[in-house]
Every structure is written in structure tokens, then in C-alpha cells.
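Q: Could you take me through one part of this model in close detail? I'd like to see the site around one of the ligands, and then a quick look elsewhere for context.

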Amino acid sequence: MRPLVITAGEPAGIGPDLILGLAANGAEVGRPWLAIGDPELFRQRAAQLDLAVEVVALADGEAPQMAPGRLSLWPVALRSPCQAGTLSLANAGHVLECLDVAIAACRAGRAAAMVTAPLHKGVIIEAGWTQFTGHTEYLRDACGIDEVVMMLATDDALHARQPGWQGDPGLRVALATTHLPLRDVADAITPASLGRVLRILDHDLRCDFGIARPRIAVCGLNPHAGEDGHLGREELEVITPTLEALRGEGLTLDGPLPADTLFTPRHLAGVDAVLAMYHDQGLAVLKYAGFGRGANLTLGLPIVRTSVDHGTALDLAASGRADGGSLRVALNLAAEMAAARAASA
Ligand SMILES: NC(=O)c1ccc[n+]([C@@H]2O[C@H](COP(=O)([O-])OP(=O)(O)OC[C@H]3O[C@@H](n4cnc5c(N)ncnc54)[C@H](O)[C@@H]3O)[C@@H](O)[C@H]2O)c1
Ligand SMILES: N[C@H](C(=O)O)[C@H](O)COP(=O)(O)O
């Protein structure tokens, strides 16, 4: 069975700690999984964390043997020694190389899905990859497509993709724009970009989450959704006409609604996902609702990619205090999505 792969992310951050935690407990997800990173880094971190984990670098084509206390790796060497908690420009290339190995394996069908531990965007940009803004955009470009959609969801919302789920519906929040300065956001929201994002969101909610007719609530950009044009005109000139056109294509869309009150239980009832106009409009609410218990996924890709809902937490690296809940959720989600895609292929 094709394995899931987990990229180690920023070596000085908590990614290696969390992966070792999964291996120590023998995380069972119904298919084998392995990490991509530097074996020596993982051995050092295991010693610092006092975790009894045997780190095994796999040879080409060798299958991972799953057992509690064993971590299989596709080895990618660090460029420079790593000290937990301290960023090094020299290792930015290593972080991207791990991603490239994972993407190539997924695209070639040697891996079933990829899960990413957190990386540090700033150190990659400072090391010379000046156009880098995050995994999401890097994956879009690596897969040669025009648009992808970042969606984060609480754990409940991820289970809710399974028919018959009776529990809490949780919260799914997708973003119309991702990693860009706030002053550039309004110009980045165009009828074309918004149309692409909403079509991808609607499509992937149907295909990957099994929702027959997704209902998506769309936030306005401005306070009170522009107050009839008195507090901003993007709702009147861009968002409303785009939603009207998409309703004509069969999408079920509410809005644009004032974001502050959209995120209240009455407005969220019956909504399958919220589309926020920018990063912190949506993710502040999502992380308040379930930080450490949700996952991030990239919609619109030809491969399955999930991630954690938190960052590198350099302050916690090698401390043993980092919570591995989100990585477990992301790994489970990747396994479920890979199985669903295989079943429908
Ligand atoms: N998926 C990703 O690759 C990803 C996601 C978010 C942020 N980042 C990057 O991470 C870096 C640091 O970002 P930040 O400081 O804004 O956010 P952060 O999530 O790293 O840290 C925010 C706070 O949450 C705590 N925290 C984070 N993860 C935790 C965990 N697993 N267990 C316990 N506490 C945890 C941290 O100690 C810190 O106090 C930035 O470069 C950012 O771009 C990457
Ligand atoms: N926007 C994400 C978050 O706040 O959790 C995070 O920066 C990760 O984004 P990528 O998956 O694109 O790296």
C-alpha cells in the first residue's frame, strides 16, 4: 500500500518533535506512513526529548515497517547543523528539498498523500527564495495550476465528511486570499479570482467531503459588508455580482455578509463552509474555535496535501511541551482523503 509522507518542516521548530511523538505512540491510520527529513536530526531530537524511537533511513523502494517506537524516513540531509529553536538560513534549502521530494512522490504515485509539518516562511524568504509565501502557493506552482484554495477546519468538520456523522458540524473556513500584506488584499479580490476560488471550494466540498449541495457563506471585505457602499465598494462592485453569476451556475451561496456576525451560531447553522476574504478574518475565528485540534488542507490540487493548524513554535522545540493533536488530525485526514480518492478513481 502506498505510504503517506510527512515533511519535517523547519528543522529548528516543533515539526520533528511532533513526528517523533507520532512514531513513539505508533500512530495507526490504516496505511503506512513515513517522514521526509534528516535522520541524524531526528535521532538528536529524540535524545533531547528522551523518546525511545529508532530512526530508520529507508533505501530506495524500501517499504516502511510500522511499529510503535520506530520512525521510517526518506533521508534528506540538513545543509548545516541544527540547534532546536534557532533558525538557520543555510537550512532553508533543506526544507524546500523535503517538500520537493514529497510533491514528486505524490505526483508519481509513490506516495498516497503528503502531510506537512510547519515551516518558517521568513527564513526561506531571507535565504533567497524571495517569492516564497507558504506551502499553499508553493504547491500551486509546483503542480503548475493557477489557483488553489486554503481551507482550515476543526476536527469535527473533518469527520463530518463521512456520511452518517451525527456529531458537532464543526467549522470549515476557506480563504479568498492567502499570504499577502493587508494593503494588497482588496486589489487581489477580482471577479475572476473569486470565481475560481468559489468553484474550487464548491467542487472539493462535493468530491472530498461528500456534501451533495454545499452551502457556502461568503464574508464581505469591509466593515458591515460595506454598509451599502458607504464603508467600501468591493461588495457592490466585485463580490455581489460574482456571487450572482455563480448562483446562476448552480452554487448555493449566502452573502456577502458582515464577517463579524456571520461567525455566530445562528448564521453558521446549515452552512458547510465560510469563505473569508483574507487570512486573519477567517483564521482568527477558526483558531479560537479549535487551535491544535484542526487541520489545514489545500483544495484544488491534483494531489492530497494536509497540514497542521499551527506554526513552528520555535519557543517549544525540544521542550516536550508541543501538542501533537493537530498533526494527528492532519495525518488522519490525509489517510481518509487518500482512501476516498482511491475508491472513486
Ligand atoms: N503549516 C505551516 O507551515 C505554518 C502554519 C502556521 C504558521 N507557520 C509559520 O510558523 C512561524 C511561527 O508562526 P506564529 O508564531 O505566528 O505561530 P505558531 O503557531 O508557531 O505559534 C503561536 C503560539 O502557539 C504556540 N503553539 C504553536 N503550536 C503549538 C503546539 N503544537 N503545541 C503547543 N503550543 C503551540 C506557540 O508556542 C506560540 O505561543 C511563522 O513563520 C509562520 O509563518 C507555518
Ligand atoms: N495560513 C496558515 C495558518 O495560519 O495556519 C499557515 O500560514 C500555513 O500556510 P501554508 O500551509 O500555506 O504554509
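What follows is a walk through the surroundings of ligand 2, with two stops elsewhere in the chain.

A: Sure, and keep in mind that this is a predicted model. Let's start with who is around the ligand. The shell of ligand 2 is made of 13 residues, and the closest are Lys121, His135, Thr136, His279 and Arg305. Sorted by class, that shell holds 6 polar, 4 charged and 3 nonpolar residues.

Now for the polar contacts, which you'll probably want to check first. Thr136 has a side-chain N or O atom 2.5 Å from an oxygen atom of ligand 2. For Arg305, a side-chain N or O atom sits 2.8 Å from an oxygen atom of the ligand. Asn296 joins in too, with a polar side-chain atom 3.1 Å from a ligand oxygen. As for how much of the ligand is covered, ligand 2 on its own has 350 Å² of accessible area, and the protein covers 89% of that.

Which pieces of secondary structure supply the shell? Helix H5 (135–142), strand S6 (149–154) and helix H12 (279–290) are the elements that give two or more residues. H12 contributes the most, with 3 residues. Zoom out one level and you get to the domains: domain 1 (1–145 + 302–345) and domain 2 (146–300) both give residues to the shell, so ligand 2 lies between them.

Next stop, helix H1. This helix covers residues 15–25, and 9 of its 11 residues are buried, so H1 is largely enclosed by the rest of the structure. The buried set is Gly15, Pro16, Asp17, Leu18, Ile19, Leu20, Gly21, Leu22 and Ala23. What do they pack against? The partners are strands S1 (4–7), S2 (33–37), S3 (54–57) and S4 (70–75), along with helices H2 (39–49) and H13 (325–344). Right after H1 comes Gly26, and its phi is positive, near 65°.

For the last stop, have a look at Arg266, which belongs to helix H11 (residues 265–268). Is Arg266 buried or exposed? Its relative accessible area is 69%, and a residue counts as exposed over 50%, so Arg266 is exposed. If you want a distance to check in your viewer, try Arg266 and Phe209: they are 57 residues apart along the chain, and their C-alpha atoms are separated by 23 Å.

Terms used. Residues are numbered from 1 along each chain as its sequence is written. Chains are lettered from A and ligands numbered from 1 in the order in which they are written. This is a predicted model: local features need pLDDT of at least 70, side-chain atom pairs count only at pLDDT 80 or more; totals for chains, interfaces and linings use all residues. Side-chain values use heavy atoms; hydrogens and water are left out. A residue is near a molecule or strand if one of its heavy atoms lies within 4 Å of it. A polar contact is a pair of N or O atoms within 3.5 Å; within protein, one must be able to donate a hydrogen and the other to accept it, and residues adjacent in sequence count only if both atoms are side-chain atoms. Accessible areas come from the Shrake-Rupley method with a 1.4 Å probe; for residues, only the protein chains shown count as cover. Helices (H or I, at least four residues) and strands (E, at least two) are DSSP runs, numbered from the N terminus. Ala, Val, Leu, Ile, Met, Phe, Trp, Tyr, Cys and Pro count as nonpolar, Asp, Glu, Lys and Arg as charged, and the others, Gly among them, as polar. Domain bounds come from an automatic or database domain assignment. Buried means under 20% relative accessible area, exposed over 50%, partly exposed in between (1.4 Å probe, protein chains only). Contact means heavy atoms within 4.5 Å.
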